[in-house]
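Work through the two exercises below with the model open beside the text. Each one sets a task and then solves it step by step.

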Amino acid sequence: MVVAGGESGRKGMKKPGWRLPFSGLRRIVFYYLVLGAAWAFCSDPLLKLLIDDPRLRELLHPFRDIFFFVLTGFFLYLVLDRYLKVLRRGDRKLFHAAYHDSLTGLANQLRFQNLLEETLSELSGGDNKAAILLLDLDRFRTVVRTLGHSVGNLLLKEIARRLQSCLDPQALLSRFSGDEFAVLLPSIEHSDQVAGVAESLQKCLKEPFPFVEHGLHLSGSIGIAIYPHDGHDAITLLKNAEVARSRAKEMGGHGFQFYFPEMNEYFLQSLVLENRLHTALERNELGVRYQPLLHLHRSRISGVEALICWRYPDGESISPERFIPLAEETGLIEPIGEWVLTRACRQNHHWQQQGLPPQRMAVNVSVRQFFHPGFFDMVCRVLENTGLAPKWLALELTESMLMQDVEQARKLLADLRQLGVKVVIDDFGTGYSSLSYLKRFPVDGLKIDQSFIEGIPRDHGDTALTAAIIAMGHALGLEVIAEGVERLEQYRFLKEKGCDRIQGYLFHPPLTAEECTGLLMEHRMESIVIA
C-alpha cells in the first residue's frame, strides 16, 4: 500500500510545469500590465531604431499610444472572448451534471421534480390532468450480482433507450437512482391512457437483451399517481406513486398499480407491525410450533419441522406470511432466525435427553440469513451451545434463494454437508426446478410445494408433476417430502408413488413443545396406522 504523498507515491508522476499562482481575470490583468510596461520602455528605442528622422518620429509619437490601445484592446477582446466561452462551456457542463444522470444521460431526480413542479403550476386551476409513473426493475440486484456491474450498466443504458423510444416526445423520462425510473405525462385525458403507457413500458422490457448470453428477460413494477386526484403537489404525488409501486412489487411484480387512498392504510398497518416486530423478541411474543412428519413406509413419526409463530398479548395471532417479509426487509430476520434455530435445536436435544427417539429437526432459512457472511459460523455456534449433533438438524432452503448466487450457495452447502447438517430444497417446483443445479448443489432432499399436492388426484397436471418430481428425486438419490397433505386420497397417491415422508394436517397440525413431547412419548413404542 502506498501512502499518499510518500516517496513511492511520487515515482513516475509528472512534475507540473511553471504556472502563474493565479488564474482567470487576474491573469488577464497581469498580461495587460506586462504588455503595457514593455511598450512604455521599448516603444521609444524601437522608433529610434526604425526611423532616423527626428521630425518624423515627433510626428508619429502621438500615434504610438493610439496604436498601443488598439493593439491591447484587440488582445483583451480575444482573451476575454475565449475566457467567457470557457465559462459558458463550464456552466453548461455543470448544469448537465447537476440535472442529468451520468450513466444514461436522462434527467435526474432533481430535474424531474423541478419540471413536475413547473407542470403542476401550469395546470393548477384548470381541468387538465397529469400523471407520474415510478418504475422499479424486478430482481435487478440478482442480475447484477450474477452478471457483474459492467453488464448491469449496459443493461441500464439499453433500458433507458428502450423506455425513451416507447414514450411520446412530450413525456419526460428520468432515472432516479439504481434501477428506478420515473415518467411524467404532462397532459392526459383519462386513466386508460396512462395504463396504455404502463403496458408499453412493460413490453419494452419484455424483449430479450441480446448482449447477454442466452438472452435476458426483465420486468418492472410500476406505481401510478394522477394529478389532481392523488395529490396537488409534487411531494404528495411522488409519495403516492411510490406507495402504488410498492404494492405492485408486493403482488409479485411485473405489473402496474394505480394509487388509491386505502393503500396508505395498508402501509400504515405494515409500519405499525414493523415497529411491534422490533420488540416482539424482547416481549416474548414470538414462539415456535413443531409439526411432525410421517414416514410413509414405516408409518411412524420421522422428523419435525420448527415453525415460527407470533401472538400478541391479547391473543391475536399474526401470520408468518405477514411478518416474515417485513423481517427480511428490515434485517430483523437475522436475530429472529438465529433465535428460532437455537430454540429448535435446544428442544430437539432436550427430547433426546428424555430418551425419546431421535428426530431430525427441520428449520427454514431465509435468503438474507443464508448469504450473511457469518451464517455458517452461526450454525456451528448454535449446535455447539445446544449440544445437538449436526446430523439431527436439517435446513430448508428455497430454489430461488440458491440461484441468487450459485457459487456462494454451492460453497455454503458443501460446508454444511461436511459439518453433517442436512439440506432440503423447500417449495420445490415453484422456482427454477432445474436438473442441472440439483446435480451441482449438494442437497439431501426435496420438499414438494403444497400447491401441487392440493390438486391431487383430481388435477391431472398436478398429479403428473408430483409423480415426476418423486421419480426424479429418487433417481438423483434424494429423499422426497410432500407438504400440505390434508386429504386421505392425497396420502394414498403419495404412498403409491413412493414418496418418502409427508407433512400436513391429515397427520398432525403444528404443536406446542409440550404437545409434541406428549405425541413423541405416545409413539415411542408403537407405529402410526392411518385408516
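**Exercise 1. Lay out the five-strand open sheet and place helix 7 against it.**

Step 1. In this predicted model, the open sheet has five strands in the order 2-3-1-4-5, with mixed pairing.

Step 2. Find the edges. Strand 2 (172-177) and strand 5 (255-258) are the edge strands, since each pairs on one side only. From one strand to the next, the twist averages 20°.

Step 3. Check one pairing. Strand 3 (residues 180-188) runs antiparallel to strand 2, and five bridges join the two. To set the register, take Ser 174: its bridge partner in strand 3 is Ala 182. In general, strands of a sheet pair through backbone hydrogen bonds, in a parallel or antiparallel sense.

Step 4. Add the helix. Helix 7 (residues 191-206) lies across strand 1 (129-137), strand 3, strand 4 (220-227) and strand 5. Its angle to strand 4 is about 160°.

**Exercise 2. Find the largest cavity and describe its lining.**

Step 1. Count first. With a cut-off of 30 Å³ or more, there is one cavity.

Step 2. Take the volume of the largest cavity, which is about 50 Å³.

Step 3. List the lining: Leu 293, Gly 303, Val 304, Arg 360, Ala 362, Ala 394, Glu 396, Val 424, Ile 481 and Arg 501.

Step 4. Assign the lining to strands. At least two lining residues come from strand 7 (300-311), and at least two from strand 10 (393-398).

Step 5. Sort by residue class. The lining has six nonpolar residues, one polar and three charged.

How values were computed: Residues numbered from 1 in each chain as written. Predicted model: local features only at pLDDT ≥ 70, side-chain atom pairs only at ≥ 80, totals over all residues. Heavy atoms only, no water. Pairing = 2+ DSSP bridges. Helix = DSSP H or I, 4+ residues; strand = E, 2+ residues; numbered from the N terminus. Axes fitted to C-alpha atoms, helices over the stretch in contact; angles between N-to-C directions. Contact = heavy atoms within 4.5 Å. 1 Å grid on protein atoms, 1.4 Å probe; cavity = no way out; pocket = protein on both sides within 12 Å on 5 of 7 lines; lining within 4 Å. Points joined across faces, edges and corners; volume = space filled by probe spheres on them. Nonpolar A, V, L, I, M, F, W, Y, C, P; charged D, E, K, R; others polar.
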